[in-house]
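Please open the model in your viewer and keep the selection tool at hand. The tour below goes from stop to stop, saying what to select next and what is to be found there.

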Amino acid sequence: MTTARPLRLAVVGHTNTGKTSLLRTLTRDPGFGKVQDSPGTTRRVEGARLLIDGATAVELYDTPGMEDGIALLDYMDRLTTPGERVDGPERIRRFLQSPESQRRFEQEARVLRRLLDCDAGLYVVDVRDPVLGKHKDELAILAACGHPLLPVLNFTHRPEQRLGAWREALARLGLHAMVEFDTVAPALDGEAQLYDKLALLMDEHAGVLSELKRDVISQRGIRRDDALRLIAELLIDVAAWRVLSEPDEPSVQAATQSLRRQVRDREAACVRALLKRYNFDMHDFPSHSLPLEGERWGMDLFHPQALKDFGIHVGKGLAAGAMAGATLDVFTAGLSLGAATVLGAAVGGLWQGADRLGKRVVGRLQGYREITVNDAVLRLLAMRQLALVDALEHRGHAAQGQIVLDSATDAPALSKGYDTPSAGSATDTLEASMQHWRTRQLPDALLEARSQPQWSALSDAFDNQPRRKQAVKTLASALASR
Ligand SMILES: Nc1nc2c(ncn2[C@@H]2O[C@H](COP(=O)(O)OP(=O)(O)OP(=O)(O)O)[C@@H](O)[C@H]2O)c(=O)[nH]1
Ligand SMILES: [Mg+2]
């Protein structure tokens, strides 16, 4: 179990390098502190906690940025008499007792007090900056506190990064362990690497750090399982959903519109649930905040262009404007014609009636039309949600840009508007599963749902029977393995 006292870490560094952003990402809390692209955003020390099984394992402290390391180091030099040998912590102590620690260097004094009070510091670096004297001096001061310092290299995905120069400069200052961690688009295993590196620097805390790492990995797995289950529920609901209509054209049109509206809403509900599961909200994905129709075809499930954008093959008939995405069938199994009252209603209700009347009653509603969502739309739904989950998994909670699903046929769906995550194996996996959904037969569980109207939560006759639960489970694992 966790040690009695939590491990205390101070997040320190030059101003505007992403310290508060790092805290947001590590705590998965987009509301932590204030983040702004200007120096001096954080003025006070604020803390956050990382929990394992409800118990605090780590306390993290955000600090104001160091601004003038050169002047501070000069000032500290003046606090020792020439020839006097004073070690780092003693120099810091003298500074903290000096008058300027209350005045000109008040901000820096806050940082140093906090670092002294912690077990180690995470030194956040903006690797786009050239390595300057001010950085070296502030590092020398921070190192003088006598606590381990782990440099966290931020903005590593930017083309203008100077990773090489920073690694060299840090090594010259005696800092050899460091970790690349982009707070806006961290690698999937970014946190695990960070805790591993930290454990190397402080073996007395290696236990809690490895527990934390295990916890982060297991939480990620649980989140993903939950997400795939949400998608499976969506797909089953939509595959099983059907609307009845009288055969004339205006009725069919109206019923089709209603089917589409319900399916769009159902997708929107899934999107909201996924965002919530990953601690994001609709602000992160505003292009999906409304179920869209018409001109915003880019997101409209039923526009043939949306299917084409995801590389889903659409047959000629399907591309025909008004009916796109919906399949029209002559109703073949149902009740007596007296059931005119059920027009437009869920067939699930009819099925129950059919059960009551006996399944021999078939084909009486032959004049009626049954409208369902076609396979291409199911493929698109699956692909869009998988792309969203991938974007969420790669998104840090410091990200301020919007999530935009890249619908290009062969480009994996990534969030744009900020750094692109490294093209790692996760993204390759996404592309492989997209290819599956684009071309292969739909999973059996979905095909079965087609003939089980009462499996749709959109239906009044919804019945979450064990076979449906099993189908959701099977489909979720198919989503995971594809
Ligand atoms: N693209 C990108 N932007 C980032 C990253 N990390 C931080 N930012 C942006 O950098 C700016 C500064 O981030 P903050 O987290 O406020 O930086 P800070 O170090 O806390 O700043 P001070 O409190 O002012 O010292 C914000 O605009 C962030 O959105 C990153 O990894 N990638
Ligand atoms: Mg800050």
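Begin by selecting A55, which lies in strand β3; helices (H or I, at least four residues) and strands (E, at least two) are DSSP runs, numbered from the N terminus. This is a predicted model, in which local features need pLDDT of at least 70 and side-chain atom pairs count only at pLDDT 80 or more, while totals for chains, interfaces and linings use all residues. Residues are numbered from 1 along each chain as its sequence is written, and chains are lettered from A and ligands numbered from 1 in the order in which they are written.

Is A55 buried or exposed? A55 is exposed, because 10 other C-beta atoms lie within 10 Å; a residue counts as buried if 20 or more other C-beta atoms lie within 10 Å of its own, as exposed if 12 or fewer do, and as partly exposed in between, with C-beta atoms placed from the backbone. If you add P6 to the selection, you will find its C-alpha atom separated by 9.0 Å from that of A55, although the two residues are 49 residues apart along the chain.

Now select β2 (46–52) together with β3 (55–62). These two strands pair in the antiparallel sense over 7 bridges, where pairing requires that DSSP finds at least two bridges between the strands. Along this pair, L51 stands opposite T56 in β3, and R49 has E59 of β3 as its bridge partner. The hairpin of β2 and β3 has 2 residues between the strands, and D53, which lies in that loop, takes a positive phi near 50 degrees in spite of being a residue other than glycine. D53 is exposed, with 9 other C-beta atoms within 10 Å.

Next, bring in β1 (7–13), which runs parallel to β3 and is joined to it by 5 bridges; one place to look is V11, whose bridge partner in β3 is D62. Widening the view, you can follow 6 strands that form an open sheet of mixed pairing, in the order β2-β3-β1-β4-β5-β6. Its edge strands are β2 and β6 (179–180), because each pairs on one side only. At the β6 edge, select strand β5 (residues 149–154), which pairs with β6 in the parallel sense over 2 bridges, and there L153 has E180 as its bridge partner in β6.

Return to β1 and go on into the loop between β1 and α1 (19–27), where N16 is placed. N16 has a positive phi of about 65 degrees although it is not a glycine. Is N16 buried or exposed? N16 is buried, with 20 other C-beta atoms within 10 Å.

The next stop is ligand 1. It is surrounded by 24 residues, the closest of which are G18, S21, D37, T42 and G65; a residue is included if its C-beta atom, placed from the backbone, lies within 6 Å. Helix α1 gives the largest share of this shell, with 3 residues. The shell also draws at least three residues from each of domain 1 (7–183) and domain 2 (225–481), the domain bounds coming from an automatic or database domain assignment.

Then select helix α2 (residues 69–78), whose buried residues are G69, L72, L73 and M76. These residues lie on the same side of α2, because they cover an arc of only 100 degrees around the axis, the arc being that of the directions from the helix axis to the C-beta atoms. On the face turned away from that buried side, α2 carries the exposed residues D74, D77 and R78. Show also α3 (88–97), α4 (106–117) and α5 (133–143), which are among what covers the buried residues of α2.

Finally, clear the selection and look at the whole chain, which has 15 helices and 9 strands. Buried residues make up 41% of its 482 residues. Of the contacts in the chain with a separation of 6 or more, 74% are between residues 24 or more positions apart, two residues being in contact if their C-beta atoms, placed from the backbone, lie within 7 Å.
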